[in-house]
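Here are my notes from going through the model you sent. I've kept them as numbered points so you can tick them off with the viewer open.

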Amino acid sequence: MTETLTLAQRADQVLRTADGREKTALSHRHATAWFSSRADGAEPITIGTATPPLHPARPDRPELLSPRDVPKRKPGSPTGRIALLHAVAHIELNAVDLHWDLIARFCHVPMPLGFYDDWVKAADEESKHFNLMCDCLEALGSHYGALPAHAGMWRAAEDTAGDLMGRLAVVPMVLEARGLDVTPGMITIFRNAKIDHAVAALETIYAEEVGHVAYGSKWFHFLCGRENSDPKEVFHTLVRKYFHGALKPPFNEEKRAEAGLPPDFYWPLADEIPPRA
Ligand SMILES: [Fe+2]
Ligand SMILES: [Fe+2]
């Protein structure tokens, strides 16, 4: 019966699936169906409507703790490296839900079909990233759910549940852009430890995350253009409204530029002044 489901219903199904491997397999099936429906002469999938849950379904494990209660481990040690991969797996699972939630929650806002193409592709890539991290954890004798994880990761989604531009500003353009800043350091940790499968997985994630930030910037600018408002001003207002705290340098200025995020977007929100005024 999945053939008759709208895109919003498919997004809602993913959000209501708890197990990580099942959630990401369903996410991939829906993405494949969406892209085949976009081919010439294919039966189109309509966008439709949904009432997504405020919180997506999640597995019983990992235990979710407040960030200050999650134990800190040395990144250079074997347990530290496992903790790092576990944290990334958790971020990727949240990202799967964040992209499907963006589709399901804002389907009442008329958008070009390319908007859905981008977020379905991003959700599919996050699904792959989650599985890559799970595979790495399993190769090192651990698994997703073996360690506690941060409880606060859905906060940005809740805070921006009624504001599409706020969601784009905070999720892809702040949180996913932060991923571009920190991933090279993680790759170095695994390269130094000669864990090639983790290096390869993180390099895939790093390359594909540039696209997610770019989709955010692209559709944020599109919506600003539709309202005839200044994107930079609106971005600063929305990040100050919905994001708790300052942005942390050092920024990956090169990859941020590649993703359509110029320095005057993020430096004014940082807790330091730029190195060169
Ligand atoms: Fe990802
Ligand atoms: Fe992403």
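The points below go through helix packing, the core, a few individual residues and some backbone details.

1. Please keep in mind throughout that this is a predicted model. Everything below is computed from it, and local features need pLDDT of at least 70.

2. I'd start with helix H1, residues 7-15, and its packing on helix H3, residues 78-105. The two axes come within 8 Å of each other, crossing at roughly 145 degrees, and the crossing of H1 past H3 is left-handed. On the H1 side the contact uses Leu 7, Ala 8, Ala 11, Asp 12, Val 14 and Leu 15; H3 contributes Val 96, Asp 97, Trp 100, Asp 101, Ile 103 and Ala 104. Sorted by class, this contact has 9 nonpolar residues, 3 charged ones and no polar ones.

3. How much of H1 is buried? The helix is mostly covered, with 8 of its 9 residues counted as buried. Apart from nonpolar residues such as Leu 7 and Val 14, the buried set includes Arg 10, Asp 12 and Gln 13, so those are side chains I'd look at in the viewer. The cover over the buried residues of H1 includes H2 and H4 as well as H3.

4. Ala 11 deserves its own point. Besides sitting in the H1 contact with H3, Ala 11 belongs to the largest nonpolar core, which has 69 residues. It is among the members that touch the most others, along with Ala 89, Ile 103, Trp 119, Met 133, Ala 169 and Met 173. Setting aside residues up to four places away in sequence, Ala 11 touches Ala 50, Pro 52, Trp 100, Ile 103 and Ala 104.

5. H3 itself is largely enclosed by the rest of the structure, because 22 of its 28 residues are buried. Its length also checks out: at 1.5 Å a residue, 28 residues should span 40 Å, and the end C-alpha atoms are 40 Å apart.

6. Helix H4, residues 113-139, passes the length check too. Its 27 residues should span 39 Å at 1.5 Å a residue, and the end C-alpha atoms are 39 Å apart, which agrees. Just after H4, Gly 141 takes a positive phi of about 85 degrees.

7. Next, Ile 187 in helix H6. It has 17 other C-beta atoms within 10 Å, which makes it partly exposed, since buried would need 20 or more. Beyond its neighbours within four places in sequence, Ile 187 is in contact with Val 199, Leu 202, Glu 203 and Tyr 206. Its C-alpha atom is 7.8 Å from that of Ala 198, which is 11 residues away along the chain.

8. Tyr 206 gives the view from helix H7. This residue is likewise partly exposed, having 18 other C-beta atoms within 10 Å. Its contacts outside four places in sequence are Thr 183 and Ile 187. Leu 180 is 26 residues from Tyr 206 along the chain, yet their C-alpha atoms are separated by 6.6 Å.

9. Which residues does Ile 189, another H6 residue, contact beyond its neighbours within four places in sequence? They are Pro 75, Gly 76, Arg 81 and Leu 84. For Pro 75, the C-alpha to C-alpha distance is 7.4 Å, with the two positions 114 residues apart in sequence numbering. Ile 189 counts as partly exposed, with 17 other C-beta atoms within 10 Å.

10. Two non-glycine residues with positive phi are worth a look. Lys 194 has a phi of about 55 degrees and lies in the loop between H6 (164-192) and H7 (196-227). With 8 C-beta neighbours inside 10 Å, Lys 194 counts as exposed. Asn 228 also has a phi of about 55 degrees, and its loop runs between H7 and H8. Asn 228 is exposed, with 6 other C-beta atoms within 10 Å.

11. Finally, the cis peptide bonds. One joins Arg 61 and Pro 62, with omega about 0 degrees; Pro 62 lies in the loop from H2 (20-37) to strand E1 (64-65). Another joins Pro 249 and Pro 250, where omega is about 5 degrees. Pro 250 is in the loop between H8 (231-242) and H9 (253-258).

Methods
Residues numbered from 1 in each chain as written. Chains lettered and ligands numbered in written order. Predicted model: local features only at pLDDT ≥ 70, side-chain atom pairs only at ≥ 80, totals over all residues. Helix = DSSP H or I, 4+ residues; strand = E, 2+ residues; numbered from the N terminus. Buried ≥ 20, exposed ≤ 12 C-beta atoms within 10 Å, placed from the backbone. Contact = placed C-beta atoms within 7 Å. Expected span 1.5 Å × (residues − 1). Axes fitted to C-alpha atoms, helices over the stretch in contact; angles between N-to-C directions. Left-handed = near helix turned anticlockwise from the far one by under 90°. Nonpolar A, V, L, I, M, F, W, Y, C, P; charged D, E, K, R; others polar. Core = buried A, V, L, I, M, F, W, Y, C linked by C-beta atoms within 7 Å.
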